[in-house]
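The following note is offered to a colleague who is meeting this structure for the first time. Its points are numbered so that each may be read beside the model.

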Amino acid sequence: MNTLQTLKQLMTGQFPFALWRLPNQKDINLVLSSNQEQKVFKTDLEELPGGFLMTPFEDSEASHFILADLWVQLTSLNEQTPEKVLTFIEEELGLVITENQTPSKSKPEVKINFLSEAGEQRAFEELVERAVTKIEETDSFQKVVLSRKKEIDIPENFDALEHFRSICQKYASLFCSLVYLPQENQIWIGASPEILVTQDDQGIFETMALAGTQSAYDQNGELISCSEALWRQKEIEEQALVSRYIINCFKKIRVREFDEIGPKTIQAGNLMHLQTTFKVDSHKINFPQIASVMLELLHPTSAVCGMPKEEALGFIKENEPYNRGLYSGYLGPVNLNQRTTLFVNLRSLCIADHKISLFGGCGITADSVPEKEWKETEMKLKTIIG
Ligand SMILES: C=C(O[C@@H]1C=C(C(=O)O)C=C[C@H]1O)C(=O)O
């Protein structure tokens, strides 16, 4: 019995779990809980035990926390389920895993396709136009990130765990995750390029400004090297705005000793972005709780919300035709081996009510061209299924 088959059986039950693979690492982490996921309203990282956290876009909605009653690192999902996992499932969860008759060799990948209708495009472009007008009319309003949700049928033979395994293979540099939330009746799979907050066991805090998007492939389908990427003024300004937002957060808490690396071009699957990384040695400045404090100030950043924050949030709530829920919130392991690694929940899909929902957004400024923004969302939706 391999781990994939074991988890597949768990995915029909009442116990939540999270699987993730950190960027540029091999091991897959698994956190299992012997209780239902907990709802947390205020995410104070200092207070949380070890586990996996998933927080929505809007502060007013509850976060989901999966307590790490068991945390294991796996070299592959294809390998025999570790004894430790089987014993935990049997003794702590009281479940019996049955030997599966199907062969354990990996299945061919199931392609997910989607077609967008002209009506959808028109509605999104109108939304973008409305935002551009508002930005032009309002002196203080500079940027709003608008998004869409695309619902598709679940293809025959689609297997969430196989899909997670295939994105891990495809996207070595991204944060790949699968989260099973039985209380919500949701499974989330994602491949995020964007760190929100991390703090390692040496006390190094990190965050990033990620914005500006273009295809990683040229018109002939050839991969563009990051060093040769060209950016327009619109993207450069849009990303600089996110950097300024982060620096302002540091200013609010009087942290001046940060290293700023970038902006540089990074590849995120089928796309490229501009990225600036900010690092702080929390031991050196004697600020151990910096991750918690910055998390509270940063989320939602101007990479997923806009600038100024309150104005952008108001526009999103009034104008986006759906509730974002967990999309563009954040997720990741918390306080495991004194490390916390939270990524923005982007390039993700949610399986619920026999449907797959895909999400994608883009930053709107006074220079936005509605059709281009639409195309950007189409590319973003494809990352997680392409
Ligand atoms: C909102 C998304 O991505 C964010 C918006 C970007 C942009 O506007 O260019 C780029 C990276 C992300 O910070 C998304 O992928 O859904």
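1. The model is predicted. A useful place to begin is helix H4, residues 160–170, in which Leu-161, His-163, Phe-164, Arg-165, Ile-167 and Cys-168 are buried. In general, an α-helix has 3.6 residues a turn, so residues three or four places apart point the same way.

2. Against which elements do the buried residues of H4 pack? Their partners are helix H1 (3–10) together with four strands: E1 (17–21), E2 (28–32), E8 and E9 (186–192).

3. Strand E8, at residues 175–181, also matters for the largest nonpolar core, to which it gives the largest share, six residues. That core has 96 residues, and Phe-17, Cys-176 and Val-179 have the most contacts inside it. As a general tendency, nonpolar side chains in soluble globular proteins are buried together.

4. Phe-17 deserves a separate look. Apart from neighbours within four places in sequence, Phe-17 is in contact with Leu-10, Leu-30, Val-31, Leu-32, Ser-33, Ile-66 and Tyr-180.

5. The chain as a whole contains eight helices and 18 strands. Its radius of gyration is 21 Å, close to the 21 Å that the globule rule gives for 386 residues, so the chain is as compact as a globular protein of that length. Along the principal axes, the C-alpha trace spans about 65 × 55 × 40 Å.

6. Of the 386 residues, 42% count as buried. Among contacts between residues at least 6 apart in sequence, 72% join residues at least 24 apart.

7. An unreviewed UniProt entry places the feature "domain: Chorismate-utilising enzyme C-terminal" at residues 121–380. In the model, this span is 30% helix and 35% strand, and its end C-alpha atoms lie 15 Å apart.

8. Which residues are closest to the ligand? They are Thr-213, Ala-303, Leu-346, Gly-361 and Gly-363, out of 18 residues that surround the ligand. Strands E7 (143–153), E11 (204–215) and E18 (355–364) are the elements that give two or more residues to this shell. The largest share, five residues, comes from E18. By residue type, the shell divides into eight nonpolar, seven polar and three charged residues.

9. Two cis peptide bonds should be inspected in the backbone. One runs from His-299 to Pro-300, with omega near -10°; Pro-300 is found in the loop between helix H6 (290–298) and strand E14 (306–307). Another joins Met-307 and Pro-308, with omega about -5°. Pro-308 lies in the loop between E14 and helix H7 (309–319).

10. Two asparagines call for attention on account of their phi angles. Asn-24, in the loop between E1 and E2, has phi near 55°, a positive value in a residue other than glycine. Asn-185 likewise is not a glycine, yet has a positive phi of about 60°; this residue is found in the loop between E8 and E9.

11. Are these asparagines buried or exposed? Asn-24 is exposed, because 8 other C-beta atoms lie within 10 Å and a residue with 12 or fewer counts as exposed. Asn-185 is exposed as well, with 9 other C-beta atoms within 10 Å.

Technical notes: Residues numbered from 1 in each chain as written. Predicted model: local features only at pLDDT ≥ 70, side-chain atom pairs only at ≥ 80, totals over all residues. UniProt positions renumbered as here; feature names shortened; annotations may be inferred. Rg over C-alpha atoms; globule rule 2.2 N^0.38 Å. Buried ≥ 20, exposed ≤ 12 C-beta atoms within 10 Å, placed from the backbone. Contact = placed C-beta atoms within 7 Å. Near = placed C-beta within 6 Å. Nonpolar A, V, L, I, M, F, W, Y, C, P; charged D, E, K, R; others polar. Core = buried A, V, L, I, M, F, W, Y, C linked by C-beta atoms within 7 Å.
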